[in-house]
Amino acid sequence: MPDSALTPERLAELRAWEGRSETLHDDVTAAPVRNLAATLDRDDPLPQAGTALPPLWHWLYFLPGHRQSEIGPDGHARRGGFLPPVPLPRRMWAGGRLTWHAPLYVGERIERTSTIATVTHKSGRSGDLVFVLVRHEVRNAQGLALTEEHDIVYRPLAQPGDPVPPPQAAPAQAPWSREIAPDPVLLFRYSALTFNGHRIHYDRSYVTEVEGYPGLIVHGPLIATLLVDLARRQRPDATLRSFSFRAVRPTFDLHPFRVCGQPSDDGKSAQLWAQDHEGWLTMQAQAQFA
């Protein structure tokens, strides 16, 4: 039986990771904030001590620092450690839910406690899927500032003849809309800012020949960040209270895509989504304002 077989015994071993936790510390330095603003084509004032960290930009911190000898063939760290050693080769950030309780600021020392909440197995149309839910709590000197649920999905490599999920049309009306050109430079800069070595974002021969995708994949967190950035551009004085997002289908670097939004009538929330060049939905999200 292959090492990748998800037997009942293997699934029980993976579920034994539930409840594991780790706590990391980091400093909210100014350079990543300045560089992400440049990557998103923003003309923000230079960050300094006391500058509020924009929503989702905490992803610039608590970065993985694995040694080069610990990196696996896909550019991620080899399986095991904090995350369970799921034996399926494709790993994707599937979505998440975040709630802000207080701002984070440049110059602060912050702490993140992460816990493996659940490990779930499902059988999809193209084989086994394993979902890992990680819960994060981020604190500063004043206490809890952010809670986050992070959905990770593991899946097999694509095979000839695998069924393709039917695409879903994006909403027709988009009062908020911005076109994004996902060229390799944008993807490289975001990978560098988040110290993300996953080869699907920058290694075209790997992503097409090994993982079977047609092009470089745009990072799910980058698309989520661009959706929140769209809301910030449209509602610069609003405070984001919560944000949830779900990846629907991959976005590739082969064509421009759009980030879009529809605010509610009372202005307290907005439906946000990303769509590809053909109008198919690639990510859907919801923002709640304070």
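Does Asn-140 count as buried or exposed, and at what relative accessibility? I open with that residue, and I note at once that the model before you is predicted.

Asn-140 lies in strand β4, which spans residues 127–140. With a relative accessibility of 12%, Asn-140 counts as buried, because the cut-off for that class is under 20%. Its polar side chain has partners in the model. One is the side chain of Glu-108, with which the side chain of Asn-140 makes a polar contact at 3.2 Å. Another is the backbone nitrogen of Gln-142, which the side chain of Asn-140 reaches at 3.0 Å. If residues up to four places away in sequence are not counted, Asn-140 touches Pro-103, Leu-104, Glu-108, Arg-109, Ile-110 and Ala-145. Glu-108 thus appears both as a polar partner and in this list of contacts.

Let me turn to the sheet to which β4 belongs. Ten strands, in the order β1-β3-β4-β5-β2-β7-β10-β9-β8-β6, form an open sheet with antiparallel pairing. Its edge strands are β1, residues 21–27, and β6, each of which pairs on one side only. From one strand to the next, the twist averages 20°.

Within that order, β2 stands between β5 and β7. How many of the 11 residues of strand β2 are buried? The count is eight, so this strand, residues 90–100, is largely enclosed by the rest of the structure. On one side, β2 pairs with β5, residues 143–155, in the antiparallel sense over 10 bridges. Gly-96 stands opposite His-150 of β5 in this pairing. The pairing of β2 with β7, residues 240–247, is also antiparallel and consists of five bridges. Here Arg-97 stands opposite Ser-244 of β7.

At the end of the order that holds β6, this edge strand is joined to β8, residues 257–263, by five bridges, and the two run antiparallel. Ile-180 stands opposite Phe-257 in β8. Strand β8 also contains Gly-261. The relative accessible area of Gly-261 is 0%, so Gly-261 is buried. Leaving aside neighbours within four places in sequence, Gly-261 is in contact with Ala-174, Pro-175, Trp-176, Leu-230, Gln-271, Leu-272 and Trp-273. For those who wish to check a distance, the C-alpha atoms of Gly-261 and Ala-285 are separated by 9.2 Å, the two residues being 24 apart along the chain.

I move now to helix α3, residues 184–193. Which residues of α3 are buried? They are Leu-186, Leu-187, Tyr-190, Ser-191 and Leu-193. Viewed down the helix axis, these buried residues fall within an arc of 165°, and they therefore line one face of α3. The face turned away from the buried side carries the exposed residues Val-185 and Phe-188.

What do the buried residues of α3 pack against? Their partners are α2, residues 30–39, the strand β6, residues 176–180, and α5, residues 220–234. The helix thus packs against β6, an edge strand of the sheet.

The packing of α3 with α5 deserves closer description. Two packed helices are described by the angle between their axes and by the distance between those axes. For α3 and α5, the axes come within 10 Å and cross at roughly 100°. Since angles of 65 to 115 degrees count as roughly perpendicular, that is the relation of α3 to α5. At this crossing, Leu-186, Leu-187 and Tyr-190 of α3 meet Pro-221, Leu-222 and Thr-225 of α5.

The ends of α3 also merit a remark. Asp-183 caps the N-terminal end, with a side-chain oxygen 2.9 Å from the backbone nitrogen of Val-185. Just after the helix, Phe-195 takes a positive phi of about 50°.

My last residue is Asp-74, in the loop between α2 and β2. Asp-74 has a relative accessible area of 6% and is therefore buried. Its side chain reaches the backbone nitrogen of His-76 at 2.9 Å. Apart from neighbours within four places in sequence, Asp-74 is in contact with Arg-79, Pro-89, Gly-197, His-198, Arg-199, Tyr-206 and Glu-211.

To close, I return to the opening residue: Asn-140 is buried, and its side chain makes a polar contact with that of Glu-108. Asp-74 is likewise buried, and its side chain reaches a backbone nitrogen, that of His-76. Thank you for your attention.

Definitions and conventions. Residues numbered from 1 in each chain as written. Predicted model: local features only at pLDDT ≥ 70, side-chain atom pairs only at ≥ 80, totals over all residues. Heavy atoms only, no water. Buried < 20%, exposed > 50% of the residue type's maximum accessible area, 1.4 Å probe, protein only. Helix = DSSP H or I, 4+ residues; strand = E, 2+ residues; numbered from the N terminus. Arc of directions from axis to C-beta. Contact = heavy atoms within 4.5 Å. Polar contact = N/O pair within 3.5 Å; in protein donor to acceptor, adjacent residues only side chain to side chain. Pairing = 2+ DSSP bridges. Axes fitted to C-alpha atoms, helices over the stretch in contact; angles between N-to-C directions. Parallel < 35°, antiparallel > 145°, perpendicular 65-115°, else oblique.
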